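These are my notebook entries on one structure. I looked up the sheets first, then the pocket and its surroundings, and last the C-terminal part of the record.

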Amino acid sequence: PRSCLALCVCSEPARTVKCVNGNLTAVPPDLPPYVRTLFITGNPLAALPAAAFSDQRLPDLGALNLSANHLRQVEDDAFASLPALRQLDLSGNPLASLSPLAFGEAGSPLEELALRGSLRDHGVLRNLTALLQSGVLRNLSRLELADNGLLLLPASMFAALPALRHLDLGNNSLVSLRNVSFQGLGQLQSLDLSGNSLSVLRNGTLAQFRSLPVLRRIGLAHNTWVCDCAIEDLVAWLKESDQVEGKEALTCAYPDKMLGKALLKIDSSDLDCSTPVDLPSQLQTSYVFLGIVLALIGAIFLLVLYLNRKGIKKWMHNIRDACRDHMEGYHYRYEINADPRLTNLSSNSDV
């Protein structure tokens, strides 16, 4: 690659370098050591190898923007040689591989990570989960995962992020949070779930929200809420909670008769719910009742057999004698048919 001065705009007073739309295929090799903020955006940069920054001395680089390039691969130790890195933006890249060791093994000072529109490949989501679970990013306070078309999240994806304060999951396609754990996020202040495909939030998820001590901003707008009996717990929580932003604007998407109705104005009569039935208990009761009925029928049958044992024995003897007579008739006819003399004799007798 050509020099930084030829491809980038370098400002020592601002301690900033901007390499924008410069047709870079690799990180410039001669970045000035004073740089604190580095923009490398809009370039055909396809990969970040392990030595992407290791050959340069950048002790003060705190903010690195690599958005809107063509990055597909981030290799081991790609950012490990940046001791002051606090902010990293990888948004708008078609990532296919993100190494769980991209920040090394010793831990990273990174506080903000943006991956908007960069996780369309399912394998990258697994890579990211492994990275977050490794504990290397324990200082992370902001994580942006919006605009990625995510349907479901790994259950313990955020378990090793104790410092996380802001989590953006907006504008995805999330259909459920049932298996997602937010436990351990004691510092979480804001959670954006707007623009997804959530139809209901179950009691387990609501209980997690209640248990987070400083969570004060939850975005739930533009989801496809299904207003049937299953939404009663969510409605009750919305009415008592002050955590949800703009909760007055949340409306039903289904069924048609509830379309556009505000969730906060729903009551039990609108949902036409009867007394809730515990289906597993109901099935268990039915099985017990069926077992009792079958046991009674079996006992009655055995009792009838016992009381009529003599008649049954006589009946069985009669059947045996009838079968024996029948078989003897077949045997007699067989012997006649098998002996020509008896056959002729039988014919003459008939004549």
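Entry 1, pairing rule. I count two strands as paired if DSSP finds at least two bridges between them. I also note at the outset that this is a predicted model.

Entry 2, the three-stranded sheet. With that rule I found an open sheet of 3 strands in the order S4-S6-S8, with parallel pairing. Its edge strands are S4 (47-48) and S8 (97-98), each of which pairs on one side only. I then looked up the contact between S6 (residues 73-74) and S8: the two run parallel and are joined by 2 bridges. Within this pair, Gln-73 has Ser-97 of S8 as its bridge partner.

Entry 3, the eleven-stranded sheet. I traced a second open sheet, of 11 strands with mixed pairing, in the order S1-S2-S3-S5-S7-S9-S10-S11-S12-S13-S15. Strand S1 (9-11) and strand S15 (244-245) are the edges, and each pairs on one side only.

Entry 4, from S1 inward. I asked how S1 and strand S2 (residues 16-20) run with respect to each other, parallel or antiparallel. They run antiparallel and are joined by 3 bridges; Val-9 stands opposite Lys-18 in S2. The two strands form a hairpin with 4 residues between them, and in the turn I noted a positive phi of about 55 degrees at Arg-15. The next pair, S2 and S3, runs parallel with 5 bridges, and Thr-16 has Thr-37 of S3 as its bridge partner. S3 in turn is joined to S5 by 3 bridges, again in a parallel arrangement. Here I recorded Leu-38 opposite Leu-64 in S5.

Entry 5, further along the sheet. I looked up strand S12 (residues 190-192) and strand S13 (residues 217-219), which run parallel and are joined by 3 bridges. Leu-191 stands opposite Ile-218 in S13.

Entry 6, the largest pocket. I obtained a volume of about 160 Å³ for the largest pocket. Its lining comprises 15 residues, and those nearest the centre are Leu-64, Gln-87, Leu-88, Asp-89 and Glu-112. I then asked which strands each supply at least two residues of this lining. They are S3 (37-41), S5 (63-65), S7 (87-89), S9 (112-114) and S10 (142-144). These five names also appear in the strand order of the eleven-stranded sheet. Leu-64, listed above opposite Leu-38, is thus recorded here among the residues nearest the pocket centre.

Entry 7, salt bridges. With a cut-off of 4 Å between nitrogen and carboxyl oxygen, I counted 6 salt bridges. One of them joins the side chains of Arg-116 and Asp-89, at 3.7 Å from N to O. Arg-116 lies in the loop between S9 and helix H2 (122-133) and Asp-89 lies in strand S7, so the pair ties together parts that are 27 residues apart in sequence. Asp-89 is also one of the residues nearest the centre of the largest pocket.

Entry 8, residues 287-307. The unreviewed UniProt entry annotates residues 287-307 as a "transmembrane region". I checked the model over this range and found 100% helix and 0% strand, with the end C-alpha atoms 30 Å apart. I also found a nonpolar surface patch of about 490 Å², made by Phe-289, Leu-290, Val-293, Leu-294 and Ile-297. Of these, I located Ile-297 in helix H6 (residues 279-307).

Terms used: Residues are numbered from 1 along each chain as its sequence is written. This is a predicted model: local features need pLDDT of at least 70, side-chain atom pairs count only at pLDDT 80 or more; totals for chains, interfaces and linings use all residues. Side-chain values use heavy atoms; hydrogens and water are left out. UniProt positions are given in the numbering used here, feature names are shortened, and annotations may be inferred rather than shown by experiment. Patches are made of residues with over 30% relative accessible area and no salt bridge: like charges are joined within 9 Å, nonpolar side chains (Val, Leu, Ile, Met, Phe, Trp, Tyr) within 5 Å. Accessible areas come from the Shrake-Rupley method with a 1.4 Å probe; for residues, only the protein chains shown count as cover. On a 1 Å grid over the protein atoms alone, a cavity is a set of points where a 1.4 Å probe fits but cannot get out, and a pocket is an open set with protein on both sides within 12 Å along at least five of seven lines; lining residues have an atom within 4 Å of a point. Grid points are joined across faces, edges and corners, and a volume is the space filled by probe spheres set on the points.
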